[in-house]
Amino acid sequence: MTLSKDFYERSRKVTPGGVHSPVRSLKTVNEHPLFIDSAHGAELIDVEGISYTDYCMAFGPLILGHANPDIHRAAEDALLSGWSYGAAEPRSLELAELITGTIPWVESIRFVSSGTEAVMSALRLARGATGRSKIVKFSGCYHGHADAMLISSGSGLAETATADSAGIPDGVKQDTLVAPLDDEAALTELFVQHGSDIAAVIIEPVPANYGLLPQQTSFLQSIRDLCDQHGALLIFDEVITGFRLGFRGYAGVCEITPDLVTYGKVIGGGFPVGAFGGKHELMEHIAPVGEVYQAGTMSANPVAMAAGLATLQRLLDGEIYTELDQKAELLRSLISDDVLLQQAGSLFWLALTADKTPIRSPELIPESAIANYGKLWQHCLKQGIYLPPSAYEVGFLSAAHTETHIKALASAVNSFSG
Ligand SMILES: *Cc1c(COP(=O)(O)O)cnc(C)c1O
């Protein structure tokens, strides 16, 4: 029995499935959880001492690679001064000033401890500020695990919404409307029916949690226009894309301005940080100024703030994005035609289909792309490559991935015969 297997057998006795977040179980790629001992740069080293080139990168925060020395130093410095005050401190001020000074649509920001919390708080703010109750989300987008965001369209109609999880009260379903991606007509119809009740539309501007489903700018613009016509707010959930597809996230790339934006992942450099922000006028609805309550014992934890600050300072001049784009381009040039590679900056998604039509909504993902992924994952693992452990998760390039790493990835994928 391997050490990982042993840890797994012990772990499943004391925690559901032996893991603290479901995708870590590696169930969908027919593996038991791998227990990790350490990680440096682009390498993940398991408890057996076997090392893998990591393309999951903790699901997104580690844009500078594992155990980056600058972040290490910043976090260690912060630790020397104590690690939780439950009081105002200057590190979060510095991080807030850096972000608001660079991203015009974020005049004011509040830090929380996860992407889920950021989304939950932004939704409450949208409802509080508009006095409306309904939220529109898209089928194929993920916004964390708050009740209101675990709702899917039933048989394609918003009126027949179903919960993605047990334990979600019926009342919640009535206030989450689900629209299809890449379908302006369907969204227009939803606004015709519910326009005056819609507080906000929330979307991942580049959906990256159901494979990678890049949207057309014209579609994103139509959402902006419909929100404006009906007095609804537009929320960009940039928990994955924020500070990754450029410092100003995808809103900066597509030049469509959201009313509220949510961040997570990269913003904490691998420590638990989330945030939501927008114009002053809107953010002033939040307590203690306004009537929308929001709080957190661990919010703006000084060590996490120091790590986030060190990360964003490295990203500010844009050089890392240029390098990441070059690496993404190299990957594109090397991957064989038997695989559909969908990319957005340093995000990539391998769909096992030779059909090269871009996929923009979940219904268009071919069954084969999902069914054979487990075998591809196993094939790559044997060659020392740790791909994202589900067909629906995207891959991440980081500053620590080299040309040699990327060539090895392409050659492993290209040698997979299904
Ligand atoms: C990861 C993610 C979340 C949830 O963030 P957690 O930190 O896991 O709670 C929300 N929205 C998007 C777009 C994400 O990718």
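## A four-stranded sheet

In this predicted model, strand 1 and strand 2, the latter spanning residues 43–46, run antiparallel to each other and are joined by four bridges. One of the residue pairs across strands is that of alanine 39 with leucine 44, the leucine being the bridge partner that lies in strand 2.

Both strands belong to an open sheet of four strands, in which the order is 1-2-3-15 and the pairing is mixed. Strand 1 (36–40) and strand 15 (385–386) occupy the edges and have a single partner strand each, so one side of each is left without a neighbour in the sheet.

## The residues around the ligand

The ligand is surrounded by Ser114, Gly115, Thr116, Tyr142, His143, Gly144, Glu204, Asn209, Asp237, Val239, Ile240 and Lys265. By class, this shell divides into six polar, three nonpolar and three charged residues.

## Polar contacts and coverage

Three residues of the shell may be described through their distances to ligand atoms. For glycine 115, a polar backbone atom lies 2.8 Å from an oxygen atom of the ligand, whereas for threonine 116 an N or O atom of the side chain lies 2.6 Å from a ligand oxygen atom. Aspartate 237, in turn, has an N or O atom in its side chain at 2.7 Å from a nitrogen atom of the ligand.

Beyond these individual distances, the extent of the enclosure can be given as an area: on its own the ligand has 380 Å² of accessible area, and the protein covers 83% of it.

Definitions and conventions: Residues numbered from 1 in each chain as written. Predicted model: local features only at pLDDT ≥ 70, side-chain atom pairs only at ≥ 80, totals over all residues. Heavy atoms only, no water. Pairing = 2+ DSSP bridges. Helix = DSSP H or I, 4+ residues; strand = E, 2+ residues; numbered from the N terminus. Near = heavy atom within 4 Å. Polar contact = N/O pair within 3.5 Å; in protein donor to acceptor, adjacent residues only side chain to side chain. Areas by Shrake-Rupley, 256 points an atom, 1.4 Å probe, with all protein chains shown as cover. Nonpolar A, V, L, I, M, F, W, Y, C, P; charged D, E, K, R; others polar.
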